Amino acid sequence: MKAVLFDLDGIITDTAGYHFLAWKAMAKKLGIEINNEFNEQLKGISRIESLELILKKGELENKFSMAEKEELATNKNEEYKKMIEQMSSVDILPGIELVLNELKSKNILLGLASASQNGPFILKKLGLIDLFDTIVNPAELSAGKPAPEIFQKAAEQLDLPVKECVGIEDAAAGVESINNASMVSIAVGDRAVLSAADKVVASTNQLTADLIKKVWIDCSETN
Ligand code: BG6
Ligand code: MG
C-alpha cells in the first residue's frame with residue numbers, strides 16, 4: 001500500500017449539514033421541500049447534479065436554462081461558503097488528524113478525491129492542506145462519482161497503480177467509484193448503505209494506519 005485517498009465531506013469533516021441547509025434554503029425559494037432522507041442522495045455527487053435532483057423532485061427539471069441552473073448553483077455555493085467560513089481544526093472528524101499523521105510517518109502518500117470544489121479551501125481552514133500530496137480538481141473530471149475517474153486520477157497524479165491505493169468514503173456513490181477504479185475500499189457509516197465496501201467501520205475513530213493496511217493486505221491476497 002503506497003497511498004490512501006480520502007473523500008472530504010463526511011470523512012475528514014462533517015459539512016453535509018451545511019450543504020443540506022444551503023440547498024434547503026435554495027429549494028424553498030423555488031417551492032420545493034427537501035428533507036434529511038432526500039439529502040442522503042446528494043452525498044458524494046457534484047453541485048450541479050445535486051441541483052438537478054432537487055429540481056426533479058419539484059418537477060421543475062425542464063424549467064431552467066443551463067445558465068439559470070449555473071446561477072442557482074452559484075447562489076447556493078455563496079450561502080454554503082458563508083457557513084464554512086468559520087471552520088477550523090475543531091471541525092476535523094474524530095481520529096482523522098491522527099490517522100493522516102500516522103500514514104505520513106509511514107511514508108504513505110495522501111490524496112484528496114472529493115467532488116467538492118471547496119476542497120482546498122476547507123483543508124486550509126482545517127489546517128490539513130500541507131499533509132496532502134495531491135488533490136484532484138473535480139472541475140476537470142468528465143464524470144463524477146460513482147464513475148471511477150476521480151480515484152483513478154488521484155492515483156495517476158501520485159504516479160501509482162490503483163492496486164497500491166486504498167480509498168476511503170462515506171457515501172454509496174463514493175464506494176462505487178472506488179470499487180469501479182479497482183481499488184480497495186473502506187467506508188465509514190451505516191453497513192446497510194455501504195455494504196459494497198471491502199470494509200465498513202462505524203466511525204472515523206476506527207480508521208487507523210494498521211487497520212487500513214490490514215484491509216489492503218487481506219484484499220490483495222484474495223485478488
Ligand atoms: C461532495 C458532497 O463532497 O461535494 C456533496 O458530498 C457536494 O454533497 C459535492 O454536492 C460538491 O461540493 P461543492 O463544495 O463543490 O459544492
Ligand atoms: Mg463524502
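Guide: A salt bridge is a side-chain nitrogen of Lys or Arg within 4 Å of a carboxyl oxygen of Asp or Glu. The model shown here is predicted.

Visitor: How far apart are the closest N and O atoms of Lys-43 and Glu-40?
Guide: Side chains of opposite charge can pair when their charged atoms come close. Lys-43 and Glu-40 form a salt bridge. The separation of their closest N and O atoms is 2.9 Å.

Visitor: Is Glu-40 buried, partly exposed or exposed?
Guide: A residue counts as buried under 20% relative accessible area and as exposed over 50%. Glu-40 has a relative accessible area of 44%. That value lies between the two cut-offs, so Glu-40 is partly exposed.

Visitor: How many salt bridges does the count come to?
Guide: The pair of Lys-43 and Glu-40 is one salt bridge. Asp-7, Lys-145 and Glu-169 are linked in a network of them. By the rule given at the start, the count of salt bridges comes to nine.

Visitor: How many residues apart in sequence are the parts that Asp-133 and Lys-104 tie together?
Guide: The side chains of Asp-133 and Lys-104 meet in a salt bridge, with 2.9 Å from N to O. Asp-133 lies in the loop between α6 and β3, and Lys-104 lies in helix α5, so the pair ties together parts whose distance in sequence is 29 residues.

Visitor: Where does Glu-140 lie?
Guide: Glu-140 meets Lys-153 in a salt bridge, at 3.5 Å from N to O. Lys-153 lies in helix α7, whereas Glu-140 lies in the loop between β3 and α7.

Visitor: Does Glu-140 count as buried or exposed?
Guide: The cut-off for exposed is over 50% relative accessible area. Glu-140 has a relative accessibility of 53%, so Glu-140 counts as exposed.

Visitor: Which side chain has an N or O atom 2.7 Å from an oxygen atom of ligand 1?
Guide: There are 15 residues around ligand 1, and among those that come nearest are Asp-9, Arg-47 and Asn-118. A polar side-chain atom of Arg-47 is 2.8 Å from a ligand oxygen, and a polar backbone atom of Ile-45 is 2.9 Å from one. The side chain with an N or O atom at 2.7 Å is that of Asn-118.

Visitor: What percentage of the area that ligand 1 exposes alone does the protein bury?
Guide: The space taken by ligand 1 is the largest pocket. An oxygen atom of the ligand lies 2.8 Å from a polar side-chain atom of Arg-47. Taken alone, ligand 1 exposes 400 Å², and the share of this that the protein buries is 96%.

Visitor: Which residue does a cis peptide bond join to Lys-145?
Guide: Most peptide bonds are trans. The cis bond at Lys-145 has an omega of about 15°. The residue joined to Lys-145 lies in the loop between β3 and α7, and that residue is Pro-146.

Visitor: What is the phi of Glu-59?
Guide: Most residues other than glycine have a negative phi. Glu-59 is in the loop between α3 and α4 and is exposed, with a relative accessible area of 64%. Although Glu-59 is not a glycine, its phi is positive, at about 55°.

Visitor: Is Ile-84 buried or exposed?
Guide: Ile-84 is found in helix α4. A residue is buried under 20% relative accessible area. The relative accessible area of Ile-84 is 0%, so Ile-84 is buried.

Key
Residues are numbered from 1 along each chain as its sequence is written. Chains are lettered from A and ligands numbered from 1 in the order in which they are written. This is a predicted model: local features need pLDDT of at least 70, side-chain atom pairs count only at pLDDT 80 or more; totals for chains, interfaces and linings use all residues. Side-chain values use heavy atoms; hydrogens and water are left out. Buried means under 20% relative accessible area, exposed over 50%, partly exposed in between (1.4 Å probe, protein chains only). Helices (H or I, at least four residues) and strands (E, at least two) are DSSP runs, numbered from the N terminus. A residue is near a molecule or strand if one of its heavy atoms lies within 4 Å of it. A polar contact is a pair of N or O atoms within 3.5 Å; within protein, one must be able to donate a hydrogen and the other to accept it, and residues adjacent in sequence count only if both atoms are side-chain atoms. Accessible areas come from the Shrake-Rupley method with a 1.4 Å probe; for residues, only the protein chains shown count as cover. On a 1 Å grid over the protein atoms alone, a cavity is a set of points where a 1.4 Å probe fits but cannot get out, and a pocket is an open set with protein on both sides within 12 Å along at least five of seven lines; lining residues have an atom within 4 Å of a point. A molecule sits in a cavity or pocket if more than half of its atoms lie within 2 Å of its grid points.
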